[in-house]
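These are my notebook entries on a structure I went through at the desk, written down in the order in which I looked things up.

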Amino acid sequence: MKEKQMLPPRPRDYSDEHYTIVFGATGLLGSAIARANPDCIQVSSKDFDATSYIDTKNWFRMMSGAIENSTIHIACGLVGGTTQQDYSMFLGNAKMTMNLLECADEFQATGHTINYSSSCIYPQHLDVFSEEDIMSGILDNNKQGYAFGKLLGGKMCEYLNAKRGFKQFTTVVPPNLWGDNDNWDLQTCHVLPALTQRLIKAKREGADTLEIQGSPLTRREFICTDDLVVGALLARDSTHTTVNVGSGTDISIGDCVAGLAERIDYTGEIVYTGANTGTSAKLMQTTLIDFTPAHTYEHMLDYMVSQGATHGIS
């Protein structure tokens, strides 16, 4: 059967109403996008099951009037803290991303779709990431399922742009995120909320020693979600399909812990186990766009302590 070809989108008429649609609007990143677009259509898993193609297409069909001329942000996904390699992470993220992108291709005539990926799509042997490095090596064993699901989205954006003959889909690749509406569940949260809560608990209990997994020399990059939203629009307006949007600098785990401990006033001894250190550094090259984030690592540490006192361990 001959593949049905989609007609090229009509030129955008700026007299038409333009909508912003955020998938994953209740999450860490999606809520930041929603804050920057207060009149946006906010979509979460309560609205429909994006892992079901039928449910996804029915929702797009119902909202086709808004989708036709829109900016779509795909900021949803299944996350599992340190358990991201399992089958469900791959299958859920792959289905979700492919269903949303396929329906965006069918129903969005003008506008743009931004697909948010993750730095875990880069090979594990690298400590500096450039867009040209994607699919050039083996992925981190601890996050392969999640990473493959995200890689599918990036390739699909490339294929959709090639099919159309112009750029309407962009994949944004960020480093670790921090900001409002983070996950503070110790079973599934990421490194910053986990470290903050453990230090707060050690301070409250008067612990003389706090043991932390890993090495203080390990370096990681973080970006505030509010800054990422700004960078994503620059990526959208660039000529590139896949764009790193990072802070441009990294910070050692030791400096993170020391900065948090100082703010929390924890004076006990901190002992690093040296286990599960992972790659010594992970720094993204953000060179395809002219972007400087507004928030520094000092802002990040101040924020984590202020949030940990209210959202963390009580």
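Before listing any neighbours, I fixed what I would call a contact, namely heavy atoms within 4.5 Å of each other. I also noted at the outset that this is a predicted model, and I read everything below with that in mind.

**Entry: Thr 71**

I began with Thr 71, which I found in strand S3, residues 69–74. Is Thr 71 buried or exposed? Its relative accessibility is 8%, and since buried means under 20% relative accessible area, Thr 71 counts as buried. I then asked which residues touch Thr 71 when its neighbours within four places in sequence are left aside. I wrote down His 18, Tyr 19, Thr 20 and Ile 21, and after them Gln 108, His 112 and Arg 236. I also looked up the C-alpha separation between Thr 71 and Gly 111, which are 40 residues apart along the chain, and the distance came out at 5.4 Å.

**Entry: Lys 150 and the cysteines**

Next I turned to Lys 150, which lies in helix H5. I noted that this lysine is buried, with a relative accessible area of 6%. With neighbours within four places in sequence set aside, the contacts of Lys 150 are Cys 76, Asn 93, Tyr 116, Ser 117, Ser 118 and Ile 121.

Having met Cys 76 among the contacts of Lys 150, I wanted to know how many disulfides a search of the whole structure would find. The search returned zero. Why is Cys 76 not bonded to Cys 103, which holds the closest cysteine sulfur? The two sulfurs are 12 Å apart, which is too far for a bond, whereas a disulfide calls for a pair of cysteine sulfur atoms within 2.5 Å. I checked Cys 256 as well and found it in no disulfide, the nearest cysteine sulfur being that of Cys 189, 14 Å away. On burial, Cys 76 counts as buried at 17% relative accessibility, and Cys 256 counts as buried at 1%.

**Entry: positive phi outside glycine**

I then looked at backbone angles and picked out two residues. Met 135 has a phi near 65 degrees, a positive value in a residue other than glycine. I placed Met 135 in the loop between strand S5 (128–129) and helix H5 (144–164), and I noted that it is exposed, with a relative accessible area of 55%. Asp 265, although not a glycine, has a positive phi of about 70 degrees. Where does Asp 265 lie? I found it in the loop between helix H8 (253–264) and strand S13 (269–272), and at 45% relative accessibility I entered Asp 265 as partly exposed.

**Entry: helix packing**

I finished with helix pairs, beginning with H1 (residues 28–36) and H7 (residues 225–237), whose axes are 9 Å apart and which pack at an angle of about 65 degrees. The two helices are therefore roughly perpendicular to each other, and their crossing is right-handed. On the H1 side the contact is made by Leu 28, Leu 29, Ala 32, Ile 33, Arg 35 and Ala 36, and on the H7 side by Thr 225, Asp 226, Leu 228 and Val 229. By class, I recorded seven nonpolar, one polar and two charged residues in this contact of H1 with H7.

For helix H6 (residues 191–205) and helix H9 (residues 297–311), I noted that the axes come within 9 Å and cross at roughly 60 degrees, which makes H6 oblique to H9. The crossing of H6 and H9 is right-handed. Leu 192, Pro 193, Thr 196, Ile 200 and Arg 204 of H6 meet Met 300, Met 304, Val 305, Gly 308 and Ala 309 of H9, and these residues divide into seven nonpolar, two polar and one charged.

My last pair was helix H2 (residues 53–62) with helix H4 (residues 87–107), where the axes come within 10 Å and cross at roughly 35 degrees, again in a right-handed crossing. From H2, I listed Tyr 53, Thr 56, Lys 57, Phe 60 and Arg 61, which meet Asn 99, Leu 100, Glu 102, Cys 103, Ala 104, Glu 106 and Phe 107 in H4. The residues of the contact of H2 with H4 divide into six nonpolar, two polar and four charged.

Technical notes. Residues numbered from 1 in each chain as written. Predicted model: local features only at pLDDT ≥ 70, side-chain atom pairs only at ≥ 80, totals over all residues. Heavy atoms only, no water. Axes fitted to C-alpha atoms, helices over the stretch in contact; angles between N-to-C directions. Helix = DSSP H or I, 4+ residues; strand = E, 2+ residues; numbered from the N terminus. Parallel < 35°, antiparallel > 145°, perpendicular 65-115°, else oblique. Left-handed = near helix turned anticlockwise from the far one by under 90°. Nonpolar A, V, L, I, M, F, W, Y, C, P; charged D, E, K, R; others polar. Buried < 20%, exposed > 50% of the residue type's maximum accessible area, 1.4 Å probe, protein only.
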